[in-house]
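Visitor: Please take me through one part of this model in detail. I would like a close look at the place where the two chains meet.

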Protein chains: 2
Amino acid sequence: MVQGLVDSSGSSFTPLVVVELAPDTKEEAIAWLQNRITDQQQSGGAELLVEQLGPGVGAQEKENPNMFLVGATWQRLLSGAEELGLFKEFNDGSMRAFTFANKHNFKDFEGDGDSFLSMAECQYIIKHELDTLRARDETHVPGHTEAKLYPGKSIVRRLQSKGILIQIFPLHDQEELKRLSFSWYKKVKLSFQPLDAIRHYYGEGQALYFGFLEYFTLALVPMALIGVPYYLFDWEGYDKYVVFAAFNLVWCTVILELWKRCSASLAYQWGTLSRKKAFEEPRSGFHGVLGFNPVTGREEPLYPNAKRQMRIYLVSLPFVLLCLYLSLYVMMIYFLMEGWALSLHEEDPTFWTGILLFVPSIIYAVVIEIMNFIYRYAAEFLTEWENHRLESSYQNHLVLKVLVFNFFNCFASLFYIAFVMQDMVLLRQSLATLLITSQILNQFMEAFLPYWLQRRRNKKMIRKIQKAATLQDIELPLAEQVRLEADMSTYLGTFDDYLELFLLFGYVSLFSCVYPLAAVLVVLNNITEVYSDAFKMCRVFKRPFSDPAANIGVWQLAFEAMSVIAVVTNSALIGMSPQVKAYFSESETQLILWTVAIEHGLLAVKFILTFLIPNVPKHIQIKLARLEFESLEALKKKKMLEASELSKSSR
Amino acid sequence: MVQGLVDSSGSSFTPLVVVELAPDTKEEAIAWLQNRITDQQQSGGAELLVEQLGPGVGAQEKENPNMFLVGATWQRLLSGAEELGLFKEFNDGSMRAFTFANKHNFKDFEGDGDSFLSMAECQYIIKHELDTLRARDETHVPGHTEAKLYPGKSIVRRLQSKGILIQIFPLHDQEELKRLSFSWYKKVKLSFQPLDAIRHYYGEGQALYFGFLEYFTLALVPMALIGVPYYLFDWEGYDKYVVFAAFNLVWCTVILELWKRCSASLAYQWGTLSRKKAFEEPRSGFHGVLGFNPVTGREEPLYPNAKRQMRIYLVSLPFVLLCLYLSLYVMMIYFLMEGWALSLHEEDPTFWTGILLFVPSIIYAVVIEIMNFIYRYAAEFLTEWENHRLESSYQNHLVLKVLVFNFFNCFASLFYIAFVMQDMVLLRQSLATLLITSQILNQFMEAFLPYWLQRRRNKKMIRKIQKAATLQDIELPLAEQVRLEADMSTYLGTFDDYLELFLLFGYVSLFSCVYPLAAVLVVLNNITEVYSDAFKMCRVFKRPFSDPAANIGVWQLAFEAMSVIAVVTNSALIGMSPQVKAYFSESETQLILWTVAIEHGLLAVKFILTFLIPNVPKHIQIKLARLEFESLEALKKKKMLEASELSKSSR
């Protein structure tokens, strides 16, 4: 843990969260904010501890002086945990919402409870308290008349939206980080990831991602094992082909269903499964006409839903469709160019035409990357413009937009090759090329490039503070450490990581029967992915705030949608395979009808399986039911007591 | 309201529920049961009032003397309402769980609150109290050593399973019934059903059924209106055909989705939407080895889930499949017979061969009815044997079994005609015949036959008590009225009513594009159905206990499954129509591929629509969120107060 600090009031505290204000923030605004943060809860403050960060060792002028360290007393953190409804393990092994009054009945609660909450939990509590710090009768932030306030407005959100608050981020704990990274990615032996430690350090959202990554990798192993002999011995017989595809389809469905159970188990164990979500605050970018929220009765901006729907359906949707069309158009040009290059090469094969063969692919890859980049930017802009009230709704709309476009970009050419050109050899080739290049590129872009940039920055910093110790194990003073972390890149959430897995899942499942080796490649990729992601989390990025997720959210849906599409494509591929065609040589109609019938059967089986496999394992269902039952019984007993007292007093 | 009675303790009460014990019940058992029912709640009784029913006017020996009337004081009923978590309208128009302490803030609560709960609610509360009356240290029912008890066992369930308790039923309220039946089915003018009054008298489950029936009828009107010109002018053009089918498909999806919203609105208004379900007791027929329930910790029979699953998958499932196969086999014999009769008639057409043409249909119809009857019996037996712990799970398994078989029986022949014989004229004929005959038969079997039987019984009763007043408006003394109701048939729930609607929905949606008049027939049927069902509820059956349902449950799923199947069949029918075939005259493969592509598109649109249309209307979502928010805020405030008190005392 980082060394203790002494608050202005004299109590010592552990710094947990850093608040960075813009360098040109007015003094009165700073004083006001500090005051609000430290004020008593009864008078509307957050009752936290705060301390300005001192200058660095070799303090320079361009250093931002407005960095603040925020912490809290243990009592405050515990009452915050109760307010948030954090679930912790009870003495009897079940998970219960933490209550201060009952604190000694919780497992691992010892003494004052100063090691009861993990650092990530404390940071999450502080973030929540800061976020829900509301304006009272201020009409604007002191000294900043442009930052309007009204009673009930979240102060931090307003400061953020006006650029006065640059960032809030939780501090790393160097010791724990060292221990975590050692058990996570520095060991070379084959073992499971330390999920509980990851959750302890990064929170549930991150841990669920790594849990999913590990689960997904393990689940692909059987597919990979079965795929190898198909590839090695070139098994192309009708029956073997169908058996492989059928196995894949059932397997995809089963692993997705089983993941729900795994995820429920993890979330139960981590206490997020049955935690009630607090009322969600509007996003900081949300704007509208001031009015009264019909749910809370608080004054806040309101934006008519009809207007948002209009923006979604009349602007965003057509835009997305246009982009898809454009992408299709680019793809057609690519195929034309490729055909032209090929014909040129076949006409008169020279060294130069041999090189020319690669040109269309390279141009296409570059154009796709550029389009992806522009589209991502446009999607963010549009989703921002749609003016969603909640962060979750914003995220869902953004994910949907990006997902559809990426799916299209990655797979449209494969669909075209498979179903329009019907060239299975080319399909296999393209699949292999795409899979391998995208993997290599991803690993490079995702971890090594940022790491290299970070390393350069670190070196500068170290040179600045004139220390010549080794880079890895240097012990920096707190002020430098905080400034170093403030300069690190911000981790933007699990979005891109899930997207990558999603596309890999597509490569494995959509055309699995054509290229049985895909699963092997994905398994290999995922193993390195674990290491590069872990490395990235520990060494490249600022520590992210923990996110008490109970499941992987919209991604479960995305993966399931992919597995439905996989049923359709695989059925079609089987129907188109020469072996099957030979079997139905007398009538093409018969062939198609059979293919369609089997596809419908498979889809029906999929849906029935989804119903039959319960989403939550039995033993957890029982535990949840017991909690529910106990609270009902307690309520009943209380009411009966009240009623009997009432009847006594009325006599 | 029925006239008041005087309890043995001297307090007068309104009889609400009748408990009928077997005539050979031992005196000591009766005394024990009465004692337990009237005992204080603190000592484990139900604190209800009970009174034995006196002999009828012309008392005869075969009359059962062991009929008991159960009622309760208003205070007891109100505390029961709180225990059950009944939702009532609050002063501010929102629905809140009733609490005794807060009673004066509820709308319509006046004076002592003796008209605050409806009679149906009171009866439901009494039933719940009787059901949860548990054995203490008795090892068996006094006087009946075969009826074993153990601490915590529901007494009523044990008495029921041992045949000591014949029935429990709620009493009709003749006056209110007269008013209800007048506004419901005795008026001939076109109007909506008095759903609130139905709910008031019969409870939410019944009212939702009638609400659904009405909604379904209204929703079919546009389809019927569009269908009429298609039928009259014999529109068979390619485009018109497709337009009609496409409209139907979208319409089916939309109405099912909108029904969810309607149902949520009704359930909110009736207070069942957000009511927490009480912990469900095991069914009375459930048996197993005594053990401790992992949820409640109570002693109760346990039955391993694995064993139940084995019974379901190794016995019930094969049995159902066998029955389906048998039904298929019978259908094939029918088609053979029909072909044979037709060939005989064409060879040498005489009057007798003309009659012979009808013989196969009649035999088939009779055989199907017999098979349905036997299957229903077998399904009940098997589901009982599967030994489900909960009534709801028993019902779901029974519904599923009966549904599949009925679907098969009703539609298999139509599927065969449509897709194997591809005879659209015959399909249209069969559809019309099936629809019309099944409607007439149903209405007859469902309402008029039981009514006639009931009337005969009533007449006997009336003759017995020597009264010559008119049958309709006779005012019977209480004892006779109770005995009369005890003799009425028991209403077995909405199962058969929903099943009928489900099959009608199948006729409308599965082959709608072949027979556009189907919707018209179904609308007409539904209008008469409202009347016959209403009549049946009011005059034929015992009053059922109300069932606080929040939605139509498994039937929503069944209707949605039907609408998915409808997409497949309609797409296939359109693909097979001569008009479309002519359009794709050059290539059958093209035709099929297009059909399949469009079908997949329609299915995708269906699923997207399901996601896009929220299941609960916005204004109710807001009300629910507000309640949730208020309870969270109240909790937070309470905890903050506690924490501040704690910190004060610790200083």
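**The interface of chain A and chain B**

Guide: Putting chain A and chain B together buries about 3,600 Å², with 67% of that area coming from carbon and sulfur atoms. Buried area is the accessible area (1.4 Å probe) that two parts lose on being put together, summed over both. This is a predicted model: local features need pLDDT of at least 70, side-chain atom pairs count only at pLDDT 80 or more, and totals for chains, interfaces and linings use all residues. Residues are numbered from 1 along each chain as its sequence is written, chains are lettered from A and ligands numbered from 1 in the order written, and side-chain values use heavy atoms, without hydrogens and water.

Now the residues. In contact (heavy atoms within 4.5 Å) are 41 residues of chain A and 40 residues of chain B. The rule finds zero salt bridges across the interface. Such a bridge would need a side-chain nitrogen of Lys or Arg within 4 Å of a carboxyl oxygen of Asp or Glu.

Next, the symmetry. A turn of 180 degrees and a shift of 0.1 Å along the axis lay chain A on chain B with an RMSD of 0.1 Å. The superposition is by least squares on the C-alpha atoms of residues with pLDDT of at least 70 in both copies. The two copies are therefore related as by a two-fold rotation axis. Both copies use the same surface: 93% of the contact residues of chain A recur in chain B. Of the residues of chain A, A:Thr589 comes closest to the rotation axis, with its C-alpha at 3.0 Å.
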